[in-house]
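Please examine the sequence and the structure shown below. The explanation that accompanies them is intended to be read with both in view.

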Amino acid sequence: MTAAPPAVHDNGEQQQHALVKRAEDEREDIFNRYELGLDPNNVVDSWENPTFEIYHITDKYGFMHDSRLPSSRDSQEVQRTKIELERDKKWVKMLSHWPPPQDKLHKRVYKGIPDRMRWPAWKQLLNVDQSMATNKGVYARMLQLAKEHATETRQIDADVNRQFRDNLAYRERYSVKQCSLFNVLNAYSIYNSELGYCQGMACVAGVLLLYMQEEEAFWALNTLITDRKYGMHGLFIEGFPKLTRFIEHHDRILSKIMRKLHKHFIKHNVDALLYAIKWFFVVFVERVPFSLSLRVWDTFLLDGDRVILAMAVTILYLHKDELLRLKDMDGIIEYLQVKLHKNFGYNDDDAIQALERVMKKLKDLKLDVPPPAKSNEFPTRQLGVFVEADGEKKTGRRRDYTDTEKQEQNAIEVQSTVSYETSECATVTLTVPEDTHSIRSSLAGTSVASHGSSETMSLEDNNVHLKTANMLQNAPQREMLLGT
């Protein structure tokens, strides 16, 4: 009668061992496929490599478009090219005498870093070369540990396969950049064991890899996550404390300087969480045209996360007239998430000039910086120290959450359809309160509504307002399901 419990215990251990072994075999298989890369022996499903035309529909950043690009350049483009070449020369000189005077750097960054200069300029702004010099061999060691112990490999593989698939660098399955992105994310999940991996990191690392080599992008990502100037750890860590803090402050700003639009959003149940998640998580990539998002990244790398709050206000202010004409939540969300990505209505220079003015106005009103961050927004574990995962993480199992933990979450479900042609940074699929891990894996968080003060102010007196936006092009409807 006493022999049964040990037998049951042994059976449970065997099942656990089998699950761990299966997860290890799956990880090894995925890593092997990335190591093969473009080798003809690597098996790739036909749907993973869509056909494309290179010369007719590819822009200067490598992104493809449904419509044909013009066969010849107009006079304005010729002039822009001439100006950019002149800026190239100035940046080469400035980078050779780094660091430059702060006022000169500010002026040139806000004019736009020339695309050919983004690689050396971003590396300087993020101290990449210094990080690599002081951490020799660390990246290679983290990548090797990831091959042996990473628990997020399957999710990373899935996200790499849908990241920027309308860009030539990522279009082909197991291309050089796809493999680099896979390696960087897996290695970082080991390096920062407290954070691990969150889907938004794939988009951030994907942008960095468009301009950097693999190890450079790893250390650039680390700076964005751990440096308090950028503080992206608090955006990606479970619970999303920085997202909550920024949403609260964003609502506070709207209630003070854009009161009419703020009331309009409240009337139509437009919570900032519904439109601002990807603004904050990936610094506006795929929410505004890519050329503009790069300009925002330039300023973000220079001035830090206060740029994100200011750009969010700038977008709403430039388009407030059109937003006030929209009378339902779906229309407002589609406008902010889809239509502005297709046609922002302002050229990049005008948009960045407006951003600069908004930043000055917010600073004058002491609204440019949100309340101080709490300690949970920054790493508490030592970076680069290997921490072996527990059995649940090794097998992919998740513990059951308590009723208290479930009640702390709002019941919100957001489902956004994704196609390779629109190349979303990540699916947004949030179901609360069932599983906090699924929330973490879907770029979402807890919405906090803060109506702030009744004081009314205006940006008009700072000449932020530009001309009325052009008619926006039609864009595919995105399905959005909201539930409580």
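The paragraphs below proceed from the nonpolar core to individual helices, then to loops and cysteines.

The structure is a predicted model, and every value discussed here was computed from it. A suitable place to begin is the largest nonpolar core, which comprises 127 residues. Within this core, L208, Y275 and L336 touch the most other members. Helix 18 gives the most to this core, contributing 11 residues. In soluble globular proteins, nonpolar side chains tend to be buried together.

The surroundings of Y275 can be followed residue by residue. When residues up to four places away in sequence are not counted, Y275 touches H250, L254, F265, V270, L316, I333, L336 and Q337. Of these partners, I333, L336 and Q337 are among the buried residues of helix 20.

Helix 20 covers residues 329–342, a run of 14 residues. The distance from its first C-alpha to its last is 19 Å, close to the 20 Å expected at 1.5 Å a residue. Helix 20 nevertheless contains a kink of about 40°, centred on Y335. At the start of the helix, a side-chain oxygen of D328 reaches to within 3.2 Å of the backbone nitrogen of D330.

How much of helix 20 is covered? Helix 20 is mostly covered, with 10 of its 14 residues buried. The buried residues include M329, G331, I332, E334, V338 and L340, and Y335, the residue at the centre of the kink, also belongs to this group. The packing partners of the buried residues are helix 15 (259–267), helix 16 (272–282), helix 18 and helix 19 (320–325).

Helix 18, already introduced through the core, spans residues 306–318 and holds T314. Is T314 buried or exposed? T314 has a relative accessible area of 1% and is therefore buried, the cut-off being under 20%. The side chain of T314 reaches the backbone oxygen of A310 at 2.8 Å. Leaving aside neighbours within four places in sequence, T314 is also in contact with A351, A354, L355 and V358.

Attention now turns to the backbone of several loops. The peptide bond from W98 to P99 is cis, with omega near 0°. P99 is located in the loop between helix 3 (75–95) and helix 4 (102–111).

Two further loop residues have positive phi values. F240, although not a glycine, has a positive phi of about 50°. F240 lies in the loop between helix 13 (233–236) and helix 14 (241–257). The relative accessibility of F240 is 3%, so F240 counts as buried. For E286, likewise a residue other than glycine, phi is positive and near 65°. The loop that holds E286 runs between helix 16 and helix 17 (290–303). E286 counts as buried because its relative accessibility is 6%.

The cysteines complete this account. A disulfide is a covalent bond between the sulfur atoms of two cysteines. How many disulfides does the structure hold? The structure holds zero disulfides. C179, at 11% relative accessibility, counts as buried. C198 also counts as buried, at 0% relative accessibility.

Methods. Residues are numbered from 1 along each chain as its sequence is written. This is a predicted model: local features need pLDDT of at least 70, side-chain atom pairs count only at pLDDT 80 or more; totals for chains, interfaces and linings use all residues. Side-chain values use heavy atoms; hydrogens and water are left out. Helices (H or I, at least four residues) and strands (E, at least two) are DSSP runs, numbered from the N terminus. Buried means under 20% relative accessible area, exposed over 50%, partly exposed in between (1.4 Å probe, protein chains only). A polar contact is a pair of N or O atoms within 3.5 Å; within protein, one must be able to donate a hydrogen and the other to accept it, and residues adjacent in sequence count only if both atoms are side-chain atoms. Contact means heavy atoms within 4.5 Å. A disulfide is a pair of cysteine sulfur atoms within 2.5 Å. The expected span of a helix is 1.5 Å times one less than its number of residues. The bend at a residue is the angle between axes fitted to the seven residues ending there and the seven starting there. A nonpolar core is a set of buried Ala, Val, Leu, Ile, Met, Phe, Trp, Tyr and Cys residues joined through side-chain atoms within 4.5 Å.
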